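Student: I have a new structure open and I'd like to learn how to read it. Could you walk me through a few features?

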Amino acid sequence: MTWRFALKITFTGGKPATSGIAVLPVFEGNKSFGSVKDYIKAGGAQYKDAASAAKFKGKSGQVFDVYAPKGVKTSRLHVVGAGKKDKFDAEMFAAKVTKSLLMSGETAVTFHLDGLDISADDAARAAVGARLAAYRFDNYKTKLTKDKKPSLTTVRVTYDSAAKVKKAYDNFHGPVCDGVIYARDLVNEPPNKIYPKSYAARVKKLESLGLKIEVLGEKKMKALGMNALIGVGLGSARESQMVVMRWNGGKKGAKPAAIIGKGVTFDTGGISLKPGAGMWDMKGDMGGSAAVVGAMIGIAGRKAKANVVGIIGLVENMPDGKAQLPGDVVKSMSGQTIEVLNTDAEGRLVLADALHYANTKYKPAAMINLATLTGAIIISLGHEHAGVFSNDDALAEQIASASEGSGERSWRLPLLPEYDKLLNTPNADMKNIGGREAGSITAAQFLKRFVGDTPWAHIDVAGTAMKNKRHDPRETTFGTGYGVRLLNHWIADNYEG
Ligand code: BES
Ligand code: MN
Ligand code: ZN
């Protein structure tokens, strides 16, 4: 597999670079370490003069440049205030700097992270920060002139042990980052390019990574009784699909972890049509499924010693003469009937069958689903945290810890029988909406009815998988790839040991 926009990443030991831009982190109080000292030694007076002219104190955000530095072969020294040493985050540092140098005209940048007393893992994450900040989605820009395109193609990271940082990158951060970038592409692609069949075909190609991939069309899904999922796609000219990705890197017979994603390739709302303004964002309503695909790329790429099954339900939600109607009653694969009062509450219908299928067919040790499920979660948590709902405290703890480890923030919200009751209706086993109040919770309660006793969590990523406003330098486009890193941490921490 070759990845689109692959910034070339290399790792070396601590010695001055011989070309491109040398990025030198200097901490508050002008504390410099490792090869930074070598540069200063070589360029001495020139460096000191520039630092004092810039009133450089090493505070985070301060920068100065020494062009054509004497005694070294790099085109310039880019000295960047790295703040307090104990607060240093190599990933964020590299992301900010990459963003600022991306169009600089220079093709190579070297981050000097040797001698800083940071872990190999932290240094490897600098490469991730650079790759995420360099990510662009320019596929459909035909008029970009050269100066509007990134010039940067190579990122080098120096570290005390090149072997250790390379290992940390190759065994975890690199493949996971491949997954994040792949997920971003899926979300950013327009809905005339990514629809259920084209999406499934794209994912099928990932078999080259060693994944076993099965695509179920409508005929198979109908035979399995997946009428809740199929109902959502009735108004679409495009056939619904389900894709099952399997990675068997664990012990033979060990129960898999299951990850399940909502893949509504476009959500018009169906007959319960959404307003036109902003509807274009609903090309991202497959962000949960993109995270699952990206996570599987990470898992396969790093050859995880775990059994994992990834399932995505792919549908396009359209209004049409053939579309399902408010009031329709559908029988889900679980046998439970659902009164579809609002065709725009479609994600839960897709997941009802996907979750039941995952649970009964693969008997997972635990399942986590990701879905851009409710606008209400954006009202609750904005774009900073995803919402977590779980029937299992231990699993919720695992997710909190994976959030901490991956930097992908999440926040748990409650489930309760009182909320569940809001789904009752005289006309079927349940209705697909619970009313205006606690909209994200009633959506989660709905899903809970399809997971049996299996430890399960639902992560509502409506606010985090797609963003139109940004302040994180690692998030450069609408599609963020949220969830890929969290899921990989979760698997690594709980299934690979
Ligand atoms: N895909 C939407 C949720 C969404 C809204 C995601 C905005 C991202 C941004 C989902 O299918 C939906 O339409 N949910 C409805 C549920 C309601 C009809 C109960 C919603 O949130 O309004
Ligand atoms: Mn909807
Ligand atoms: Zn939706």
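Tutor: We'll go through the domains, the salt bridges and then the pockets. Keep in mind that this is a predicted model.

Student: Okay, domains to start with. Into which domains is the protein chain divided?

Tutor: Begin with the bounds, then look at the spacing. Here, domain 1 covers 8–168 and domain 2 covers 191–495. Taken over C-alpha atoms, their centres are 39 Å apart.

Student: How many residues of each domain are in contact?

Tutor: For that, you count on each side separately. Domain 1 puts in 14 residues and domain 2 puts in 7. Together the two domains bury about 850 Å² between them, with 61% of that on carbon and sulfur atoms.

Student: And how many salt bridges cross that interface?

Tutor: A salt bridge here pairs a side-chain nitrogen of Lys or Arg with a carboxyl oxygen of Asp or Glu within 4 Å. By that rule, 2 of them run across the interface of domain 1 and domain 2. Over the whole structure, the search finds 24.

Student: Which residues could I click on to see one?

Tutor: Try Arg 474 and Glu 91, whose closest N and O atoms are 2.7 Å apart. Glu 91 also meets the side chain of Arg 485 in a salt bridge, at 2.8 Å from N to O. Arg 485 sits in helix H14 (residues 484–495) and Glu 91 in helix H2 (residues 90–101), so this pair ties together parts that are 394 residues apart in sequence.

Student: Now the pockets. How much space lies in the largest one?

Tutor: About 770 Å³. Next, ask who lines it: there are 34 lining residues, and the closest to the centre are Lys 274, Leu 373, Thr 374, Gly 375 and Ala 376. The elements giving two or more residues to that lining are strand S9 (257–267) and helices H9 (347–362), H10 (376–381) and H13 (439–448).

Student: What does the lining of the largest pocket look like by class?

Tutor: It has 12 nonpolar, 12 polar and 10 charged residues.

Student: What about the second largest pocket, what is its volume?

Tutor: That one has about 650 Å³. It is lined by 31 residues, and Glu 384, Gly 407, Glu 408, Arg 409 and Tyr 482 are the closest to its centre. Helix H4 (162–188), helix H11 (393–406) and strand S15 (410–412) each give two or more residues to this lining. The largest share, 8 residues, comes from H11. By class, you'll find 9 nonpolar, 9 polar and 13 charged residues there.

Methods:
Residues are numbered from 1 along each chain as its sequence is written. Chains are lettered from A and ligands numbered from 1 in the order in which they are written. This is a predicted model: local features need pLDDT of at least 70, side-chain atom pairs count only at pLDDT 80 or more; totals for chains, interfaces and linings use all residues. Side-chain values use heavy atoms; hydrogens and water are left out. On a 1 Å grid over the protein atoms alone, a cavity is a set of points where a 1.4 Å probe fits but cannot get out, and a pocket is an open set with protein on both sides within 12 Å along at least five of seven lines; lining residues have an atom within 4 Å of a point. Grid points are joined across faces, edges and corners, and a volume is the space filled by probe spheres set on the points. Helices (H or I, at least four residues) and strands (E, at least two) are DSSP runs, numbered from the N terminus. Ala, Val, Leu, Ile, Met, Phe, Trp, Tyr, Cys and Pro count as nonpolar, Asp, Glu, Lys and Arg as charged, and the others, Gly among them, as polar. Domain bounds come from an automatic or database domain assignment. Contact means heavy atoms within 4.5 Å. Buried area is the accessible area (1.4 Å probe) that two parts lose on being put together, summed over both.
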